[in-house]
Amino acid sequence: MQYQVLIVGGGSGGITAAARLRRADPRLSVAVIEPNDKHYYQPFWTLVGGGIVPKEASERPEASVMPRGVTWIRNRVAALEPDRNAVRLATGERVTYEQLIVAPGLQLDWHKVKGLPEALGKDGVCSIYDYRQAERTWEMIRGFQGGQAVFTSPATPVKCGGAPQKIMFLAEETFEQNGVRGRSRVDYYTGGAVIFGVKEIAAALEKVKERKGLDYHYKHDLREVRPQSREAVFCRTTDEGMREVVVKYDLLHVTPPMSAPDFVKESPLALQEGPLKGWMAVDHGTLQSTVYPNVFGLGDVIGTPNAKTGAAIRKQAPTVVENLLAYRRQASLPKTYDGYGSCPLVTGRGKLILAEFNYKNEMTPSFPFDQAKERHDMYLLKRHGLPFLYWNLMLRGLA
Ligand SMILES: Cc1cc2nc3c(=O)[nH]c(=O)nc-3n(C[C@H](O)[C@H](O)[C@H](O)COP(=O)(O)OP(=O)(O)OC[C@H]3O[C@@H](n4cnc5c(N)ncnc54)[C@H](O)[C@@H]3O)c2cc1C
């Protein structure tokens, strides 16, 4: 099997790029390798965990989003072989290409927290970072009878860095409405060192934190879950070194550690050193592989210091597609990605702070008002506007 452009992954990035390529040049042979027959709008999982939308609203058949004229290879990539301009499939065949777009998302490393895979979904341990677990999360939040609620965020890069706090805000509001807030503590343990990377948004979140009476603990990385004793074990980084901190919980919402998919880490396309080791090495502006010029990276997999979001992909995909087409013409690469990412920070039912920013953590607002404030219209954008934009415009290569 040989294609002019081969795309690994039929998620947000892969489908958006495929649609844009076909629109730009309908004669181009394009194939997408994607094993899953379902496509997910993952930003809804926060709202599933908050009891606002059913999980089914986030799911559509992959066939319904595959652009016409694009070949769908229903298989899994086992290895990238850029020296041969080929990828090897799980079933052993090779697919060759002229240009490759690598867009397989990231890997959730549940197993890196001891005891977590067994504990997840039972006895108060939940996570919105999975389609089914998002629904379980709401069952646990709704049924919470008071006590210690703990929300975590790891020290690794994560997709939608705001989601671990958003689900806590929604949970806290639910506890209040259910009359159990008065007999509860709500704590946030994060491997990070700040509430949010953008200073204007950080200031706004500080106010939300104060209003809701939440306690934040920085540089705490979850290492173990002990479901029998209902204990979460964190590694705390201090100036003096590492220290173990054991915290009791009645409800534990976990954001797992994340990394590039293993087949990317093991390939010559991965960064070989530095803090982003294992993520795909691309030029931060053109998104071209720094090792193989006929390869481009897109979405959560790339080792760039932007927020890993679908919103970032909306800006990255035109960059990748225009640059790839220019490369085919042997022209210089015309387009530069500025690190745009967006995080619609739901602070409660009907309230949202729309954070939009670039590589430099500078605000890049789309609307002519102070976006660092909680607003109802921005909540409606998240609940209704952005999903419409995603399914009808972005995945069709129109936005
Ligand atoms: C809880 C949650 C909340 C979020 N909230 C927001 C938000 O509010 N706003 C926002 O913009 N973004 C949000 N995101 C992030 C957004 O969903 C992701 O950044 C986006 O989906 C990444 O797109 P991608 O194409 O890189 O990866 P994905 O969309 O995850 O797609 C990757 C695809 O690659 C496939 N794949 C994996 N391995 C292989 C393989 N070996 N071979 C072939 N195919 C493979 C997968 O099956 C998958 O279909 C959220 C995510 C989560 C989980």
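Buried means under 20% relative accessible area. That cut-off is used throughout these close-ups of a predicted model.

**View 1. Helix α10 bends at Lys382.** Helix α10 covers residues 376-394. The helix bends by about 45° at Lys382. Lys382 is also one of the buried residues of α10. The others on that list are Met378, Tyr379, Pro387, Tyr390, Trp391 and Met394.

**View 2. Gly13, Val77 and Pro104 make backbone contacts with the ligand.** There are 32 residues around the ligand. Those that come nearest are Gly13, Glu34, Val77, Asp300 and Ala311. A backbone N or O atom of Gly13 lies 2.8 Å from an oxygen atom of the ligand. At Val77, a polar backbone atom is 2.9 Å from a nitrogen atom of the ligand. At Pro104, a polar backbone atom is 3.5 Å from a ligand oxygen. How much of the ligand does the protein bury? Taken alone, the ligand exposes 1,000 Å², and the protein buries 91% of that. Three elements each give two or more residues to the shell around the ligand: α1 (12-24), α2 (44-49) and α9 (310-328). The largest share comes from α9, with three residues.

**View 3. A salt bridge joins helices α7 and α6.** Side chains of opposite charge can pair when their charged atoms come close. Here the side chains of Lys212 and Glu172 meet in a salt bridge, 3.2 Å from N to O. Lys212 lies in helix α7 (residues 199-212), and Glu172 lies in helix α6 (residues 163-177), so the pair ties together parts that are 40 residues apart in sequence. Both Lys212 and Glu172 are buried.

**View 4. Lys265 and Asp262 pair within helix α8.** In this salt bridge the closest N and O atoms are 2.8 Å apart. Both residues lie in helix α8 (residues 262-265). Lys265 and Asp262 are three residues apart, about one turn of the helix. An α-helix has 3.6 residues a turn, so residues three or four places apart point the same way. Are these two side chains' residues buried or partly exposed? Lys265 is partly exposed, with a relative accessible area of 29%. Asp262 is partly exposed too, at 37% relative accessibility.

**View 5. Asp109 is buried, while its partner Lys112 is partly exposed.** The side chains of Asp109 and Lys112 meet in a salt bridge, at 3.1 Å from N to O. Asp109 has 1% relative accessibility, so this residue counts as buried. Lys112 has a relative accessible area of 46%, which means partly exposed.

**View 6. Lys55, Glu56 and Glu135 form a salt-bridge network.** Salt bridges link these three residues. How many salt bridges does the structure hold? The total is 22.

**View 7. Cys343 and Cys160 are not bonded.** A disulfide is a covalent bond between the sulfur atoms of two cysteines. The cut-off for counting one is a pair of sulfur atoms within 2.5 Å. Why does Cys343 have no such bond? The closest cysteine sulfur, in Cys160, is 3.8 Å from the sulfur of Cys343, too far for a bond. Cys343 counts as buried, at 3% relative accessibility. Cys235 is buried as well, at 11% relative accessibility. By this rule the structure has zero disulfides.

Notes
Residues are numbered from 1 along each chain as its sequence is written. This is a predicted model: local features need pLDDT of at least 70, side-chain atom pairs count only at pLDDT 80 or more; totals for chains, interfaces and linings use all residues. Side-chain values use heavy atoms; hydrogens and water are left out. A salt bridge is a side-chain nitrogen of Lys or Arg within 4 Å of a carboxyl oxygen of Asp or Glu. Buried means under 20% relative accessible area, exposed over 50%, partly exposed in between (1.4 Å probe, protein chains only). Helices (H or I, at least four residues) and strands (E, at least two) are DSSP runs, numbered from the N terminus. The bend at a residue is the angle between axes fitted to the seven residues ending there and the seven starting there. A residue is near a molecule or strand if one of its heavy atoms lies within 4 Å of it. A polar contact is a pair of N or O atoms within 3.5 Å; within protein, one must be able to donate a hydrogen and the other to accept it, and residues adjacent in sequence count only if both atoms are side-chain atoms. Accessible areas come from the Shrake-Rupley method with a 1.4 Å probe; for residues, only the protein chains shown count as cover.
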